[in-house]
Amino acid sequence: TILPFGESCSYGDSHLYVVLAGEVRALDELGVVQYNVEAESMFGEACALGMDWTRSNSFRAFSDSFVHIAKIAGRALVAALNMYPLEREPLDNVNDMRKDAVEKFVAERHMWLDNTVLPALSQSPLLLGCPSEFLEALAAPLIEASFDKGQIMTLAGDAADSMFLLVEGLANVETKSGDVVGHLTAGAEWGEIAVLGLFGTRLASVRAVTPCRSVEVPASALRRALGLELAQPVRQAFEHLVACRHLQVEHGMPLQILDIGAPRDDICARAIALQAELICLDEGELWFPLPDDDPCGRHFVVIGRGRGALKIAVPQLRIGQVSVMPIENGTLLLEGLVAKYGAHIQ
């Protein structure tokens, strides 16, 4: 970091900077890049000219090589402007144009957050039911990434601490050897176990089948949102979720429920346990399975405890539905097949 956000400024003491080589990025308080400063351009002019009393951006070097910067001392700048007062106008113009550009960027970003990010977050299985205030806090620092057809979006085996939301396009889920094991469409998410801190390695690769747009949700953004006072109920829910996932891994659930001889410490069993969602139903409650064209792909369900029935709605009958089969501990159902016939579990 060259200059920190929120630094106090004063005319004559704050310096002006000129990039001689490389690139500098201007970030807001959440770390969102608002603009880039390329070679032969200046930054820090608002504070150096006495137009801001607090620095509204942090500035960080960004380049594949060294960034070279010339620092013009604040007192030297004041002395020069006193000698040549007409030279201040071009500096003021640069500052005004930059402020206009930042205001335009902020307005466009707010529109993007409202129209793209917040709808995607509100439909995320992991964040379903979270209050809008929490989602707005979570969305604030997020950015979008674009991928061309055939480009790897996330790579199996890479370190991971974030979740992704696919907002546009089609993608394949691939093993480390390149075999396709699933498909993702707009509205899908992956990397939940990474953003929750449960596992810090990508278990599979995701490759763009068409041009794709995605939003990355880093663990740091989730921690920041969960740390807010308004997020206390959400924080407790997430703590419960993480505890449940740990128990699922410890006991090898849900594969341990099936009579297939899978040891609870089997790597595959644990990988599935990490990503399995626990669904609890009260007596009489209905549960509707996901279709095969769900954005996250196909699902299956394993009944772990209790008894119920697989039922199909028949509006022509007075009772409105008929039981197809009983379900109990160890029952395995393909959700897409059940959803295809409009069935549900009670």
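The following dialogue concerns two sheets, one pocket and one arginine in a predicted model.

Trainee: In the open sheet that contains β7, β14, β9 and β12, which strands are the edge strands?

Mentor: This open sheet has 4 strands, and the pairing is antiparallel. Their order is β7-β14-β9-β12. An edge strand pairs on one side only, and the strands that do so are β7 (143-147) and β12 (189-190).

Trainee: Which residue is the bridge partner of Ser162 in β14?

Mentor: Strands of a sheet pair through backbone hydrogen bonds, either parallel or antiparallel. Here β9 (residues 162-168) and β14 (residues 212-218) pair in the antiparallel sense, over 6 bridges. Within β14, Ser162 has as its bridge partner Pro218.

Trainee: At about what angle to β14 does helix α6 run?

Mentor: Two helices may be considered here. Helix α3 lies across β7, β9 and β14, and its direction is at about 80° to β14. Helix α6 (residues 219-226) lies across β9 and β14, and its angle to β14 is about 55°.

Trainee: Why is one side of β8 and of β11 left without a neighbour in the sheet?

Mentor: These strands belong to an open sheet of 4 strands with antiparallel pairing, in the order β8-β13-β10-β11. From one strand to the next, the twist averages 30°. Because β8 (152-154) and β11 (180-184) stand at the edges, each has a single partner strand.

Trainee: What is the bridge partner of Asn172 in β13?

Mentor: Strand β10 (residues 171-174) pairs with strand β13 (residues 205-208) in the antiparallel sense, over 4 bridges. In β13, the partner of Asn172 is Arg207.

Trainee: Which element gives the largest share of the lining of the second largest pocket?

Mentor: The second largest pocket has a volume of about 240 Å³. Two or more residues of its lining come from each of α3 (88-122) and α4 (132-139). The largest share, 7 residues, is given by α3.

Trainee: How many charged residues are in the lining of the second largest pocket?

Mentor: The lining of this pocket has 15 residues, and nearest its centre lie Leu30, Arg109, His110, Leu113 and Ala140. By class, 8 of the lining residues are nonpolar and 2 are polar, while the number of charged residues is 5.

Trainee: Is Arg55 buried or exposed?

Mentor: Arg55 lies in the loop between α1 (45-48) and β5 (58-61). Beyond its neighbours within four places in sequence, Arg55 is in contact with residues including Leu3, Phe5, Glu7 and Cys47. A residue counts as buried under 20% relative accessible area. The value for Arg55 is 4%, so Arg55 is buried.

Conventions:
Residues numbered from 1 in each chain as written. Predicted model: local features only at pLDDT ≥ 70, side-chain atom pairs only at ≥ 80, totals over all residues. Heavy atoms only, no water. 1 Å grid on protein atoms, 1.4 Å probe; cavity = no way out; pocket = protein on both sides within 12 Å on 5 of 7 lines; lining within 4 Å. Points joined across faces, edges and corners; volume = space filled by probe spheres on them. Nonpolar A, V, L, I, M, F, W, Y, C, P; charged D, E, K, R; others polar. Pairing = 2+ DSSP bridges. Contact = heavy atoms within 4.5 Å. Axes fitted to C-alpha atoms, helices over the stretch in contact; angles between N-to-C directions. Buried < 20%, exposed > 50% of the residue type's maximum accessible area, 1.4 Å probe, protein only.
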